[in-house]
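User: Please take a close look at one part of this model, the loop that holds a non-glycine residue with positive phi, and then relate the account to the packing of the strands.

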Amino acid sequence: QLQLVESGGGLVQPGGSLRLSCAASGFALDYYVIGWFRQAPGKEREGVSCISSSDDNTYYVDSVKGRFTISRDNAKNTVYLQMNSLKPEDTAVYYCAANRQGKCSWRQPWYGYWGQGTQVTVSS
């Protein structure tokens with residue numbers, strides 16, 4: 001089985017922090033491009049961040065630059081999304097997605113594997 005499982009979501013006040021995890025089973029994330037996406041209520045799912053497989057370069061949508069950090073822990077076969085200075089507009093279901101070794105992409109159909117998502121709610 002090739003699976004991705006997100007965890008770490010929850011309710012947090014504006015300005016707070018959460019760390020999301022994307023744990024893989026059945027394959028090694030070291031050889032995959034990993035993207036984080038989110039879908040807010042009533043909106044289309046959008047790309048948030050990505051980490052490449054070839055060089056570990058990282059990418060972020062403008063709205064989260066300076067606040068979110070994506071990273072890998074190959075020993076744990078897990079990718080993280082550290083989210084700081086959270087805003088109400090960050091409220092969404094967050095998904096991780098993976099594709100074979102290569103460069104990052106914001107095109108959702110390009111990703112072959114998806115997790116089920118974890119809810120992040122930012123509210124006072």
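Analyst: Ser85 lies in the loop between S8 and S9, where strands are DSSP runs of type E with at least two residues, numbered from the N terminus. The model is predicted: local features need pLDDT of at least 70, side-chain atom pairs count only at pLDDT 80 or more, and totals for chains, interfaces and linings use all residues. Residues are numbered from 1 along each chain as its sequence is written, and side-chain values use heavy atoms, with hydrogens and water left out.

Although Ser85 is not a glycine, its phi is positive, at about 50°. Ser85 is partly exposed, at 41% relative accessible area; buried means under 20%, exposed over 50% and partly exposed in between, with a 1.4 Å probe and protein chains only. Asn77, in the loop between S7 and S8, also is not a glycine and has a positive phi of about 55°. Asn77 is buried, with a relative accessible area of 17%.

Strand S8 (78-83) supplies at least two residues of the largest nonpolar core, as do S7 (68-73) and S9 (92-100). That core, a set of buried Ala, Val, Leu, Ile, Met, Phe, Trp, Tyr and Cys residues joined through side-chain atoms within 4.5 Å, has 28 residues, and Val79, Leu81 and Met83 are among those with the most contacts inside it. Apart from it lies another core, of five residues, including Phe37 and Tyr111.

Leu81 touches, among others, Trp36, Val48, Phe68, Ile70 and Tyr94, not counting residues up to four places away in sequence; contact means heavy atoms within 4.5 Å.

Definitions and conventions: Helix = DSSP H or I, 4+ residues; strand = E, 2+ residues; numbered from the N terminus.
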